[in-house]
Structures are given as structure tokens and as C-alpha cells.
Amino acid sequence: MWVAVLVNFLMLAPQLSVAFLVLNSLLLIIFMQGFRYPILKSRRLVNVFTVVGALLLIILSKQLGLMLTMVNLLVFSHVMKLFEQNHQRDFYVFNLLSLMVLATAMIFHQSLWFFLLFMVLLIISLLPLLNYQRQTTSVGNQQRWPSFTGVKPYIGLLTKLLTVSIPLAIFLFFIFPRLQPFAAIPQAKMAKTGLSDSVNVGDISQLVQSNELAFQVEFASPRSSHQPLYWRALVMEHFDGSTWQSAEHSPRLRAIFRTKQHYLEYIESQEPQPLFTGNAINYQVFVQPNYQQFLFALDVARPQSTAIQRLADNTLIAPRPISQKFAYEVSSYPKLTMSPELSSLSNTVNLSLPEESNPRLRVLAKNLVEKYQNRPNSQALIIDEVLSKIRQDSFYYTLSPSLLTGDRLDQFFFDTQEGFCVHYASSFTFLMRAAGIPARLVTGYLGGDYHEQGNFYSIYQKDAHAWAEVWLPEKGWTRVDPTAAVSPERVEQGIDAALAQEQSLLNPGFLANARWLDPVTLLRIQAAFELIDYQWTKYIVGFSSKKQSKLLQQLFGEQQYWKVALAVALTLAIIFAVFYLIITLNQEKKTVSVQEKYYRRLQQLIKKEALPTSLQGELDSPSMTVRRYCVLLSLHFSPLEEQLEQFYTTYEALQYQPLTLTQSNEKKAQLLANVKQIAELLKGVRY
């Protein structure tokens, strides 16, 4: 039992507080040592730990939130139940808690591989219940602890259970009304992963070393353009000299943005809802849990769901932090102009710079302005010259740049000239602002791995990217990626091609360690895994209420809810009827014991013999006992006397004596052997 607790405990360990991790681990150690030192299982000690656990829950409940408080309580109760196994009901309660803990783990993990692990652990969790029912023997109110004898005796029963339950589960999954999960329950407080809402120079280079999946995308129709895929996530307008953040963190605007809601209102006020016209690119996105609210989309995005908020800076916000795989549909209009008009407040925000910061970049910007101020399209000329400088000078794209201190952007642009996308995007944005061109930093992801068989893109954390946007008259916010000037491979071929010489710094994933596989086989296996996992995400995890409604309309027509209800009722009725028949048949089988079956078999053997009428009549008497039956037969079949005596003594032992499972099995085998011996002897004996 403690093994089951340990497995379930480890599955939910990331969701447990440090205090409960220590407490539950200590309880498991005490329980295992309790077999050698019974005093460790004393009732007083158990009561002390119960009080300690309750106090911890009260103290930590506000910090953990409702969801994680319930998870900690469930796991703690499961561990504590180990110390209370006095009656049969205790064992059943313990196994019920095991199943609840196992089901709770599915709240936090919905991948296909975890589901397969869940099914294996579910079967393992059911085995103790079957084993207990089969092996335990009662001594008053106490239950003798069963010994596990293997899986083989239960294969048939488990097969029956799964054969009946799996079709029912599949049917209910697609037909039963889908409710919003935990709509009224606060989200669990978990560590955020992926992009952050603030960026220091060098941050994304650390993220790029991760091969973790960020999200997947499937386009509704084949892409007609081969333009790079810039997956927009966050817009950052405030720079303090080392860190980029959203505008709410600007000291100049702090009096205006008193709360996050005020900032959101500011963002929404910058641009009215655009008129979405022209050719749209339709696609569906499947985001991995990251406990953030921002979503990913191409320019210019329009979410299909009203639950997703679109801000004026063309970013999308989920209704709550993404704690589970999240699917949404988007239409993007790449030819639409973002913010053709710029408000005075937005202009101020996107021209602001920290005072006395990076003076050499300021001087360069001043020189560029003086050089082109009397030229038409001066802003475009300034942008082109900065990109040309990055392209022609000794700038170098690398994951491991030199450490920067002081005026970091000055030091990078004029001294080290080596860095990652944030270095280039930050320096470019700073230069543009210093030159009087409104600019801002955007973070997201670039590109993705295309899966030809599944027709979808997988975007990983290694694809994280930062670029700049500048506001130009008549063009609105325009994307400029200075990284493309120093490393075109990063934009055109992806991060792996750009950092081909630094592959050792990247995390290749667990399959790459399988050196016994050739690269082609390795890629095929990885592609197969990705395809299976994507199909699971698309059709199972992403099966929303909208998709269910569409499926039901295809099956039953529009507004034919009574047909759905009738189908559910009939299916449930059929299933319950099958269950009833199975239970009834099993009960009928159980009413006839094994020893009774062997006794009837003996009677059938004797009836084949030509017995005197008087003897046959006496043997058929309703009041005939097994002992009397065998004694009468031994008087007429003297060669069978020994076998018949063994038969009725073994029969009576099985029928009336309290036997262990091992003893019972031995007696049954002996009884069967007696019947076979009698059958062989009857062939040579005639009355």
C-alpha cells in the first residue's frame, strides 16, 4: 500500500507546498519503519501529525489558493489513512482516496503520455481491491493483511471491466454536456514558464536553450506565403536602462496607471476596434500550460472567441492563466495597418528614455537625425542606415555574449558587438526613440517546425524571439527585426541553423541521447511522437463545447436536444442492463461452490453405470449427504473405497472448515484429482 501512496505522492509533488512535501515524506518513512518499531504507529503520534497537518493547511491556505489547498489536503489524507487500517471499510476508503489522487493528477497534466501512465496506474490501483476481496479472511472484525500473488488471476476480470467501461467513457466524453472546468474555483498558484512580462538583456537566450514545447498551430488552408511566422505575445513600451516592461511600470505614467485595470483601459483606448477586411489567415492554436494569460497570434489578430480579449497593441489575453492545455481559433489580417493614428499619450510613452542612459547611442541618433532631417522619408532612411551598420560591422549572433555592465546598450553596440535577439532589438528600439521615432519592443516566437504528415507547426521555447516595432506615418506600427540584419538564418531557417556552431548549448531532448539510433531513425521517431501527441491534443484535449455542439448537430440536426437526451438515456439503460446481466450471472455462478461442482460431476459418472434399481433410488434420495453417498458407493464399488473416502473428507473440509487461500486451493486440486481417479477406476470396474 505504501508503494501506491508513494507513486501518487510523486505524481502530485509539484503541486504540493514544501511543508507538506516534508510532512508527507516523514509520514511515509515512519509508516515503513513502523513494521519494525510498532510504537511509531501509536494513536497518539498519529493524532499529533493530524493536528500538525491541519494547522499547516490553515496557515498556508491563503498562500496556496483554494485549488492547491484541496490538493494538499487530499494527498495528506491519503498518507494518513495508511495508519488506520483496522476494518474492511478502512481499506476501501484508502483505495478510494488512491483513485481520487490519481484523477486529481489529470487536472494538471493532459498529455497523451501522462494519460497512458494514468491508465497503467489505474489498473495497478484496482489490483489491491480485487486482491483483497479474493484473499482476505475474516477473524471477528479484524482483517488479515493479504499477500499479493500476481496479476494473472485478475486478467479476465480486468479485461471485462475495461471492455465495458472504456466504450462508456468514450460515449460520455463526446455526448455528455461539457462544462467549463473549475469555472468558480480560483486557479492554482503555479510557477510561470516561457516568456516573461519583463525582459532583461540576455533573458531570452536562456529560454532558447530549452526544447520544451510552447504551442502548436494548424492552419485552416495551406499557406500561400512563405513569409516568416512572427508569433506576437507581449508589447513592452517602458525601458529603465536594463529592463523592458509594459508601460504600466513607467515612473512617469505611474500616477495614471494606478492599477493593472487602468493600464488595460489605456491600451484599449489607443486604437478603436479595426475594421477587419481583406484576406484572412485562419488557424487554431494549442497552447501548453504556462500559467500566463497572454496568447500567441500573427499580425493583425482577431480571436474567434469572445472570451479572449484583444488589446489595441494587437496582443491577445486569455480569460484566466493557462493552467491546462488551451485551444483557441484566430483569424489574422497581415495587410491591415496597425494604429494608423497615434495618440499623444502613446507617442509620449514610446519616445521616453531613461535620463543620461547610453549616451553614445544618443549621440549616434542625433547625428542620424541631423544627416537626414531635410530629406523626404527621413525616418525610413534612419532605419535603413542603422540596419546597414548592423549588417556591415562586426556584429555577431551568439547565445553566449560577453557580460555587460553599466550602459549595457552602448557597450553592446559599440564595443562587444555580440549578442542575441534582445541585444539587437533593445539597441535598435533605443536608437529609434533617441532619433524621435516612436518605437517599442515586442516579444514572442519566430517560425516553428512544420510537421508534414500532421499539417501543423510545433513552436518550442527555443523559438522565443524579440523584435522592434516603429510607428511610421501612413504605415502605423511596422515590424523591424534587426536580428535579420546580422543573422538572416535565424529568420529564414530557424534557431538551429543560426546557432549551428553552438549546438552543444541547446537542449536536444531525451531522444538525442539515444546514440545507438541513427539520425534519420531518430527524426522519424520524434516526428511520430509529435504527430500522436498533436492528434491527442487536437481531438481530445481540444474537444471544446463548441466542437461538441457542432458534432451533435451533425448527428441529430439543429436544436434536436431531445434526441441527444434520448440517445444518452438509451445508452445508459443498455449499459446498466448489461451490467445487471453480468452481475446476475456471476452471482448464479458463485452460488454453486467448486466442491459442489465436483460432487455433481461424480454423480454424473455414477449415473452412467448400470446400478441396481434399489441402490439408484437410495442414491437419488433428496436427504442424501455427500458422506452417505460415498459410503454407499464404496460398499458396492470396493476398489473405489479409498478414493471415495478422500473425496468426502476433502469435500467436508472445503465446505465447513476455515481455510486460508493456499489451503483452499490445495483441497480443490485434491478433490479434482479424486474425481479423475474415480473416473479411471470406473472404466475397469463393473457392478
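Student: In which helix does Val-51 lie?
Tutor: This is a predicted model, in which local features need pLDDT of at least 70 and side-chain atom pairs count only at pLDDT 80 or more, while totals for chains, interfaces and linings use all residues. Residues are numbered from 1 along each chain as its sequence is written, and side-chain values use heavy atoms, with hydrogens and water left out. Helices (H or I, at least four residues) and strands (E, at least two) are DSSP runs, numbered from the N terminus. The run of residues 43–64 contains Val-51, and this run is helix 3.

Student: Is Val-51 buried, partly exposed or exposed?
Tutor: Buried means under 20% relative accessible area, exposed means over 50%, and partly exposed lies in between (1.4 Å probe, protein chains only). The relative accessibility of Val-51 is 48%, so this residue counts as partly exposed.

Student: How much accessible area do Val-51, Leu-55, Ile-58 and Ile-59 have together?
Tutor: Patches are made of residues with over 30% relative accessible area and no salt bridge, like charges being joined within 9 Å and nonpolar side chains (Val, Leu, Ile, Met, Phe, Trp, Tyr) within 5 Å. Accessible areas come from the Shrake-Rupley method with a 1.4 Å probe, and for residues only the protein chains shown count as cover. These four residues form a nonpolar patch on the surface, and their joint accessible area is about 420 Å².

Student: Why is strand 5 described as largely enclosed by the rest of the structure, and which residue of strand 15 is the bridge partner of Val-235?
Tutor: Strand 5 covers residues 230–236, and seven of its seven residues are buried, so the rest of the structure largely encloses this strand. Two strands pair if DSSP finds at least two bridges between them. Strand 5 pairs with strand 15 (residues 439–446) in the antiparallel sense over six bridges. Within strand 15, the bridge partner of Val-235 is Val-442.

Student: Which residues does the network of shared salt bridges join?
Tutor: A salt bridge is a side-chain nitrogen of Lys or Arg within 4 Å of a carboxyl oxygen of Asp or Glu. Arg-232 and Asp-299 form one such contact (3.2 Å, N to O); Arg-232 lies in strand 5 and Asp-299 in the loop between strand 8 and strand 9, so this pair ties together parts that are 67 residues apart in sequence. Arg-440 and Glu-469 form another (3.0 Å, N to O), linking strand 15 to strand 18 (residues 464–472). Through shared partners, salt bridges join into one network Arg-232, Glu-237, Asp-299, Arg-440, Glu-469 and Arg-479.

Student: How many residues apart are Glu-218 and Lys-538?
Tutor: The side chains of Glu-218 and Lys-538 meet in a salt bridge (2.9 Å, N to O). Glu-218 belongs to strand 4 (residues 213–219) and Lys-538 to helix 18 (residues 519–541), so far along the chain that their separation is 320 residues.

Student: What is the omega of the peptide bond from Asp-299 to Val-300?
Tutor: Val-300 has its place in the loop between strand 8 (281–287) and strand 9 (301–303). The peptide bond from Asp-299 to Val-300 is cis, with omega near -25 degrees.

Student: What is the phi of Tyr-291?
Tutor: Tyr-291 lies in the loop between strand 8 and strand 9, and with 12% relative accessibility it counts as buried. Although Tyr-291 is not a glycine, its phi is positive, at about 60 degrees.
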